[in-house]
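Me: I am new to this structure and would like a close look at a single part of it. Please pick a good starting residue and walk me through its surroundings and the side-chain contacts that follow from there.

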Amino acid sequence: MAVHEFSQVDVFSSSPHRGNPVAVVHDADRITDEQMARFANWTNLSETTFLQTPTTENADYRLRIFTPDEELPFAGHPTLGSARAWLEAGGVPRTPGQVVQECEAGLITILLDDDGLAFAAPPLIRSGEADSDTLARAMEVLNLKPGQIEASHWVDNGPGWLGLVLRDARAVLDVVPDPESFARHDLRIGLLGAHDPARRAPGSPDVEVRALISMGGSVREDPVTGSLNAGFATWLIPAGLAPEEYLAAQGTVLGRAGRVSVRSDGEQIWVGGQTSVAIHGVAHF
């Protein structure tokens, strides 16, 4: 039986156990695809990752990302959480101040600063407005009526996100999805609505985000989702529908306190937040 260093990292929250956890298995070069998939299904977290030796000299490590049901080419909170685990296990970046991750989606740059970690939003592999049939399915599974969706766009950077903008943050929080309807459709839906600036305290979130996923014959809500926030920013900022820097809240209805910082430097969009290792030990394979 092989023994591997193991970390569980809380991502996108400065409050302990209020973000989104990711399981990270270190030195995973010899773990088979079947073992990875089985272990990810067993942890039953949103994602489980496996750190491997990179196949290119331009990367610090290679990352495999699994949900309980499938492998993903990219995901945001596993990217930041895995970078934190790699650094705390003694990883030294080739370039000071940044980590370069190799994954199926390509090379992802992660900045290191006093405010936490931030990854460069990858390009969308599917974009554009959703067609009428897709919007009709979305309204059905979300129990929404015509007119409640103010804008829609595919914001798919790997996981397949459909982004929907609702009237405001309250409308986002009030959505109650239909589990049976969701089970009939293969959808990953992101919701975004702005908080009222007149009622928002300084430093509080600008927008509210939710991530709803058809999984296992039902609907699952992801606590805090880096890829979705990156997808929204890649759509909304260049379109002039969002400022170049804002703070998103996510996980509110689940009792979490996710905070995702988004900013554009004019050339690249960065998505970041706080990360901390909550569990450290070993995993047996």
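Reply: Let's begin with Phe50, which is buried, with a relative accessible area of 0%. Please keep in mind throughout that this is a predicted model.

What does the ring of Phe50 pair with? The structure has eight aromatic pairs by the rule used here. In one of them, Phe50 is partnered with Phe39: the ring centres are 6.3 Å apart and the planes make an angle of 65°, an edge-to-face arrangement. This pair links distant parts of the chain, as Phe39 belongs to helix α1 and Phe50 to strand β3, eleven residues apart. Phe39 has a relative accessibility of 11%. Buried means under 20%, so Phe39 falls in that class.

A second ring pair is worth visiting. Tyr61 and Trp86 are tilted towards one another, at 5.2 Å from centre to centre and 50° between the planes. Here, too, distant parts of the chain are linked: Tyr61 is in strand β4 and Trp86 in helix α2, 25 residues apart. Tyr61 is buried, at 2% relative accessible area, and Trp86 is buried at 14%.

Now back to our starting point. Phe50 and Phe39 belong to a cluster linked by ring pairs, together with Phe6, Trp42, Phe66 and Phe285.

Helix α1 gives us a path from rings to charges. The structure holds twelve salt bridges, and one of them joins the side chains of Asp33 and Arg64, with 3.1 Å from N to O. Asp33 lies in helix α1, residues 33–43, while Arg64 lies in strand β4, residues 61–66, so their contact ties together parts that are 31 residues apart in sequence. The two ends of this bridge have their own settings: Arg64 is buried at 10% relative accessibility, whereas Asp33 is partly exposed at 48%.

Another salt bridge, between Glu34 and Arg38, has an N to O distance of 3.4 Å. These two residues are four apart in helix α1, which means that about one helical turn separates them. Glu34 is exposed, with 57% relative accessibility, and Arg38 is partly exposed, with 48%.

For a bridge between loops, look at Arg94 and Asp60, whose side chains meet at 3.6 Å, N to O. Arg94 sits in the loop between α2 (76–88) and β6 (98–103), and Asp60 in the loop between β3 (48–52) and β4, so this pair ties together parts 34 residues apart in sequence. Asp60 is buried, with a relative accessibility of 9%.

Salt bridges can share partners, and here they join Asp33, Arg64 and Glu71 into one network. The bridge between Asp33 and Arg64 that we met above is therefore part of a chain of contacts that includes Glu71.

Finally, charges and rings come together at two places. The charged end of Arg126 sits over the ring of Trp154, 3.7 Å from the ring centre. Likewise, Arg188 has its charged end over the ring of Trp161, at 6.0 Å from the centre.

To retrace the walk: start at the buried Phe50, cross to Phe39 in helix α1, and then follow Asp33 in that helix to Arg64 in strand β4.

Note on methods: Residues numbered from 1 in each chain as written. Predicted model: local features only at pLDDT ≥ 70, side-chain atom pairs only at ≥ 80, totals over all residues. Heavy atoms only, no water. Salt bridge = Lys/Arg side-chain N within 4 Å of Asp/Glu carboxyl O. Buried < 20%, exposed > 50% of the residue type's maximum accessible area, 1.4 Å probe, protein only. Phe/Tyr/Trp six-rings, centres within 6.5 Å; stacked < 30°, edge-to-face > 60°. Lys NZ or Arg CZ within 6 Å of the ring centre and 35° of its normal.
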